[in-house]
Amino acid sequence: MTRYFFDIRDGCDLYPDDVGQDLADEKAAEIEATQSLAGMIKDDLAEDRRDMAIEVRTEEGPVFQAAFIFGNGHMKH
């Protein structure tokens, strides 16, 4: 088991996870991060449209980032 920390980036603010979770592997951390991010977005959409991310790390350093980024709707194909 590895302890993963899920730091929350809400707009420009960063909220570090000081506790973390013991998970079996990186795939389990990916599932936890994406489910948590989806819940955060669902809760906050009514309030404000801002970029949100969960930055996942272990005691050894960064592992990955799961992010939700709002665009202006003018995407090129």
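These exercises, each with a worked solution, explore a predicted model.

**Exercise 1. Place Gly11 in the structure: which elements flank it, and which residues does it contact beyond its neighbours within four places in sequence?**

Step 1. Find the element. Gly11 sits in a loop, with β1 (2–10) on one side and β2 (13–15) on the other.

Step 2. Check the surface. Gly11 has 31% relative accessibility, so it counts as partly exposed.

Step 3. List the contacts. With neighbours within four places set aside, Gly11 touches Arg50 and Asp51.

Step 4. Compare sequence and space. Gly11 and Arg50 are 39 residues apart along the chain, yet their C-alpha atoms are separated by 5.6 Å.

**Exercise 2. Decide on Thr58: is it buried or exposed?**

Step 1. Locate the residue. Thr58 belongs to strand β4, which covers residues 52–58.

Step 2. Apply the cut-off. Buried means under 20% relative accessible area. Thr58 is at 14%, so it counts as buried.

Step 3. Look at the surroundings. Beyond four places in sequence, Thr58 contacts Thr2, Arg3, Tyr4, Phe5 and Val63.

**Exercise 3. Find what the salt bridge of Arg3 ties together.**

Step 1. Recall the principle. Side chains of opposite charge can pair when their charged atoms come close.

Step 2. Identify the partner. Arg3 meets Asp22 in a salt bridge, at 3.0 Å from N to O.

Step 3. Map both ends. Arg3 is in strand β1 and Asp22 is in strand β3 (residues 21–23), so the bridge ties together parts 19 residues apart in sequence.

Step 4. Check exposure. Arg3 is partly exposed at 30%. Asp22 is also partly exposed, at 42%.

**Exercise 4. Examine the pair Arg57 and Asp7: which strands does it join?**

Step 1. Take the distance. The closest N and O atoms of this salt bridge are 2.6 Å apart.

Step 2. Name the strands. Arg57 lies in β4 and Asp7 in β1, so the pair links parts that are 50 residues apart in sequence.

Step 3. Contrast the two ends. Arg57 is partly exposed, with a relative accessible area of 24%, whereas Asp7 is buried, at 7%.

**Exercise 5. Work out how Lys27 and Glu30 are placed in their helix.**

Step 1. Start from the bridge. The side chains of Lys27 and Glu30 form a salt bridge of 3.8 Å, N to O.

Step 2. Use the spacing. Both are in helix α1 (residues 26–44), three residues apart, so about one helical turn separates them.

Step 3. Add exposure. Lys27 counts as exposed at 52%, while Glu30 is partly exposed at 30%.

Notes. Residues are numbered from 1 along each chain as its sequence is written. This is a predicted model: local features need pLDDT of at least 70, side-chain atom pairs count only at pLDDT 80 or more; totals for chains, interfaces and linings use all residues. Side-chain values use heavy atoms; hydrogens and water are left out. Helices (H or I, at least four residues) and strands (E, at least two) are DSSP runs, numbered from the N terminus. Buried means under 20% relative accessible area, exposed over 50%, partly exposed in between (1.4 Å probe, protein chains only). Contact means heavy atoms within 4.5 Å. A salt bridge is a side-chain nitrogen of Lys or Arg within 4 Å of a carboxyl oxygen of Asp or Glu.
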